Amino acid sequence: MNRPMEINIWGGDWGLPSVDIYCLEVMAYAKFSGVPLQTCVTNNPFWTPNGRLPVFKHGKQVLSSLPEISAYLKQKNFSADFGLTQKQCADAAAYTQLLKEKLHLALQYVWWLDTKNYTELIRPWYAKALPFPYNYYYPGKYEQEAKKHLEALYDQDDDPLTIESSVYGEAEKCLTVLSVRLGDQEFFFGSHPTSLDATVYAFLAPLLKVPFPSPALQNYLKACTNLVKFVVRITQRYFPYAIQEYEAKKSAESGAQGKSDPESDFPNRRRYQIVAGIFATAAMTGYALSTGLVQMSTKDEVSENSADYKDLFQAAENTED
Amino acid sequence: MGTVHAKDKREPYPHDTEQQQIHLDGVKVRVDKINVDGLSRTKDDIIIATVKDLFQAKDFQEVILCAQKVRGKLEGLGCFRNIGIFIDTSSGPGATPEGLEVTFHVRELKRIVGGVNTLVGNNEGSLAVGMRMPNLFGRGEKLHTEYSYGAKKTSAFTVSYTKPLRGSLSPIITGTVFQAGSEWPWSGYKQIERGLLIDFGFNSAPWIRHNLQWEGAWRDVSCLTRSAAFQVREQTGPSLKSSVRHILLLDRRDTAILPSSGSLVKLTQELAGLGGDVGFFKNDLCLQGNWTLLPDMVLQATLQAGFLTRISNNLNVSICDQFFLGGPMSLRGFNTRGVGPHKDGNALGASAYWAGGLHLFTPLPFNPGKGGFGDLFRTHIFINAGNLGNVYLGQEIPTSLKAYTKTTRLSYGMGVTLRLGQMARVELNYCIPVLFQREDQPNPGVQYGIGIHFL
Amino acid sequence: MPSVLLTESLALELGDRTGNSIPAHEPWPQDVKLFQPYEVEQILLPDNANCLAVQTFLKMCGLDFEVEQRSNAEYMSPSGRVPFIKCGAFLIAELDPIISFVNNKGISLSDKMDNAQKADMRAYMSLVNTVLANAELYITWCDKTTLQEVTKPRFGSVLPWPLNHVIVWQKRSQVVKKLGVLGWAHKTLDEVYQEVENCCNALSVRLGNQPYFFGDRPTELDALVFGHLFTILTTPLPNNRFASIVRGYSNLIDLCKLVEKEYFERTAES
């Protein structure tokens with residue numbers, strides 16, 4: 001192993017090593033398999049091969065999804081699933097699909113489509129985390145993707161409330177099933193975490209830890225105490241640094257709360273001022289140019305083609321006739 | 001510049017220039033020359049064809065009348081915005097002593113005329129963008145496009161191309177491509193219709209207009225809500241209608257909205273099933289008569305009837321092809337589509353209907369605002385009757401007709417009606433349904449309607 | 001905050017996709033109808049699998065129903081997907097809501113199972129629903145040969161020209177969009193076959209030597225697996241690699257034969 005394995009991820013917050021499901025999945029899987037992995041918080045999916053984080057790099061290998069990465073790690077003799085029987089592997093595959101079918105859309109919904117969560121928490125978080133100018137692009141893009149996802153699966157329903165209750169209902173069923181399956185065990189297949197544990201952790205941890213303003217599904221998860229303990233257990237055992245960082249940040253914040261900092265009221269204030277100034281100037285210049293151009297050169301064209309007020313009135317009259 | 005010279009056939013005619021009182025019909029003249037000023041795109045041949053009649057005028061009065069007529073025809077071409085007439089004695093080479101020179105000053109329309117409107121209706125606001133290209137190739141051709149986008153993601157558009165042909169029957173060919181969405185909450189379905197319409201219109205007599213049409217339409221019917229009746233649900237899905245239609249229109253009314261005299265005959269026949277999976281033969285007749293009994297008091301009698309029959313068992317008839325009856329613009333005193341077969345609150349329509357109305361229109365009591373705003377209003381008392389039901393051809397005719405005559409619906413009432421421009425009318429009525437059936441949805445009390453076509 | 005509904009919610013909420021509230025414990029009516037597209041000339045592989053799964057489930061429950069074939073079954077369905085059943089005034093589409101509806105009448109195939117088994121059953125049903133169903137959609141709509149030779153003629157068979165072309169195209173873009181968001185549209189055919197292989201392998205391992213997935217009695221999972229596998233095995237396609245993958249697992253074939261014998265041949269004889 002001459003070169004270290006490296007992974008680019010979305011940063012963490014709220015006691016999570018990363019806020020992104022897929023980053024968490026890979027990170028947890030690597031921890032469970034004992035892979036020495038260097039994490040690198042980039043918070044910028046722009047330069048990645050398919051526009052997504054995480055990106056796993058080892059020498060010339062660049063991979064971005066867990067199946068690919070786990071297959072690669074298996075070649076290097078790292079796997080979290082070595083101890084599983086065939087039947088357990090089959091179960092793991094089935095439960096992974098269950099999570100993908102039932103819980104993935106619900107998480108997208110909680111994250112991007114619940115208006116309150118999106119405007120009050122998620123968009124500001126991503127806007128702050130992403131470097132300029134990507135912070136203007138990605139949150140909206142992810143929202144659109146989530147919307148497309150929902151529309152493709154619920155193409156017949158147009159009542160948003162029905163859709164929401166259906167999405168949450170499916171997710172709650174899935175959480176119940178997971179809770180039943182986990183029972184009193186430490187991990188899904190006994191005392192050692194596997195790839196299924198990595199996936200479940202990745203799906204549940206953000207839902208549990210992120211302080212959502214609209215917490216319907218989160219409350220349901222909190223009621224499943226064995227799943228909550230499961231998430232806490234994995235975080236404490238494998239990502240203690242995330243909790244420590246969050247605690248430190250919280251205490252620093254509570255210490256600094258006395259003096260209200262104008263900068264923290266309005267993050268990136270200077271940047272917004274500059275952007276606004278540039279935008280206004282560009283708009284004004286554009287306007288001046290366009291009106292000037294119109295008057296100068298294409299006068300005949302304009303008088304023929306442009307619909308002036310008289311024409312508008314005439315059009316209205318003629319349609320009335 | 002279209003300048004037309006009269007053929008050189010001089011008929012010297014002595015007339016008394018000393019006469020003090022001029023009888024215009026006595027002044028014998030000859031139109032030597034017609035100028036049309038202001039033409040740029042419009043082609044000469046259609047102008048010549050239009051103004052040619054003026055050469056037939058023999059005396060001054062005829063010239064004036066004829067010039068007006070020609071002006072009307074020029075306006076009818078739809079190429080010009082305003083037209084002025086100048087009549088002068090002719091001069092220059094080839095001028096005859098009693099010769100006249102008639103000049104039309106025209107201003108052509110812009111190549112593109114457009115507009116943006118917002119519309120509110122059907123519980124949905126929408127934005128409409130319209131564009132017309134009048135006189136596209138210089139012979140009165142017209143391209144008209146309209147696109148509207150609604151708040152509920154419904155989009156509708158029409159693109160139509162009209163070409164007037166030359167001939168004494170004033171034939172016009174129109175081709176239209178359209179897409180339109182409509183919602184029918186009374187029947188529990190919504191419909192998106194996309195299609196192509198080719199129309200050939202001509203006059204067979206001065207007042208009788210025929211339209212021969214072919215329409216190919218792809219209709220997508222879907223349930224409006226989950227609680228729609230199963231009978232409606234069964235008819236959902238796409239269907240393709242290919243039909244030929246003949247419309248005969250005889251309109252001698254003085255105005256389309258609140259006429260005071262004249263009558264209207266409109267007969268529509270549609271045969272669907274030339275391709276597509278929808279087949280029927282549909283007849284629809286509308287008769288209307290207006291008589292002024294006393295000054296300002298108008299009696300209007302209207303009769304409508306329609307009949308639809310299947311032509312093949314392999315071809316369907318969709319709910320959107322059926323007849324419906326009831327509502328403030330049709331049989332008053334009933335909910336919209338409130339007459340006839342219903343299931344779970346959804347009107348299913350039927351294959352035959354008739355409806356008649358007798359209205360007595362008078363001005364507002366004491367005539368407030370006479371000669372101005374008050375003239376837009378009328379009060380009316382009315383009696384409406386009608387029926388909607390399925391009539392089957394063949395041996396069942398006597399029984400189904402018997403049932404049909406027994407179940408006539410009747411309502412009467414009074415109200416106020418307001419004319420909106422030359423386009424539409426608004427009615428506010430108090431209605432009392434008298435005869436109705438168990439499955440109907442009568443709506444006694446105040447009823448409000450806005451629209452173009454009223455019973 | 002909801003109380004923990006660990007056992008209760010396994011009885012699954014009802015009718016949430018149909019919008020109807022379900023009356024509690026009314027008996028199964030006589031005139032239940034199952035609506036589906038025409039089996040011989042119209043129905044496509046994924047729809048056929050779902051329709052067969054629902055039919056099998058109802059037969060396993062011993063419930064009477066009548067199959068009605070309609071060319072516009074898909075448009076009539078409240079969810080836009082087939083099959084759907086009409087039970088009195090209620091319309092319930094697709095397997096999961098139908099299972100819930102039937103359970104609510106006090107009829108269940110899985111009431112003898114413990115919670116862990118029920119959880120496993122849910123998970124395997126998800127496996128079938130995501131992998132096999134999406135693979136069927138992929139083969140039907142994204143594989144060019146199948147699309148041209150099977151899907152277009154069959155799907156368009158009930159539509160007049162030129163609507164058959166337009167609607168096939170419309171439907172295809174809808175399916176491709178769905179597969180796109182589920183991460184299937186960009187897969188290659190080989191990757192899809194690999195997914196099917198993995199899924200069948202997992203099912204086969206889980207089934208082991210038992211007659212049904214959870215012992216001697218059939219469950220909802222058996223109905224679903226039979227619906228998909230039997231349809232895959234019996235549907236002629238230009239490329240029959242799909243069926244040959246399934247044929248590689250003899251215990252799955254045995255399951256199909258058993259279900260066919262128990263629930264379809266018996267009714268055909270009587």
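**Exercise 1.** How far apart do the C-alpha centres of domain 1 of chain C and domain 2 of chain C lie? Describe the contact from the side of domain 1.

*Solution.* The model is predicted, so that local features need pLDDT of at least 70 and side-chain atom pairs count only at pLDDT 80 or more, while totals for chains, interfaces and linings use all residues. Residues are numbered from 1 along each chain as its sequence is written, and chains are lettered from A and ligands numbered from 1 in the order in which they are written.

Begin with the bounds, which come from an automatic or database domain assignment: in chain C they are 16-104 for domain 1 and 115-269 for domain 2. The two C-alpha centres lie 18 Å apart. Next, take the contact (C-beta atoms, placed from the backbone, within 7 Å), to which domain 1 of chain C gives 18 residues and domain 2 of chain C gives 23 residues. On the domain 1 side, the elements that give two or more residues are α1 (45-60) and α3 (95-104) of chain C, where helices are DSSP runs of H or I with at least four residues, numbered from the N terminus. The largest share, eleven residues, comes from α1(C).

**Exercise 2.** Which elements give two or more residues to the side of chain C that touches chain A?

*Solution.* First, count the partners: 35 residues of chain C are in contact with 33 residues of chain A. The elements sought are α4 (115-142), α6 (163-181) and α7 (189-207) of chain C, and the largest share of this side, twelve residues, is that of α4(C).

**Exercise 3.** Which residues have the most contacts inside the largest nonpolar core?

*Solution.* A nonpolar core is a set of buried Ala, Val, Leu, Ile, Met, Phe, Trp, Tyr and Cys residues joined through C-beta atoms within 7 Å, and buried requires 20 or more other C-beta atoms within 10 Å of the residue's own. The largest such core has 155 residues, and A:Tyr201 and A:Leu204 have the most contacts inside it. Helix α3 (residues 86-113) of chain A gives the most to this core, with 16 residues, and at least three residues come from each of domain 1 and domain 2 of chain C. Leaving out residues up to four places away in sequence, A:Leu204 touches A:Leu221, A:Leu227 and A:Val231.

**Exercise 4.** Which residues of helix α1 (residues 44-51) of chain B are buried?

*Solution.* They are B:Ile47, B:Thr50 and B:Val51. Because they cover an arc (of the directions from the helix axis to the C-beta atoms) of only 85° around the axis, they are on the same side of α1(B).

Note on methods: Contact = placed C-beta atoms within 7 Å. Buried ≥ 20, exposed ≤ 12 C-beta atoms within 10 Å, placed from the backbone.
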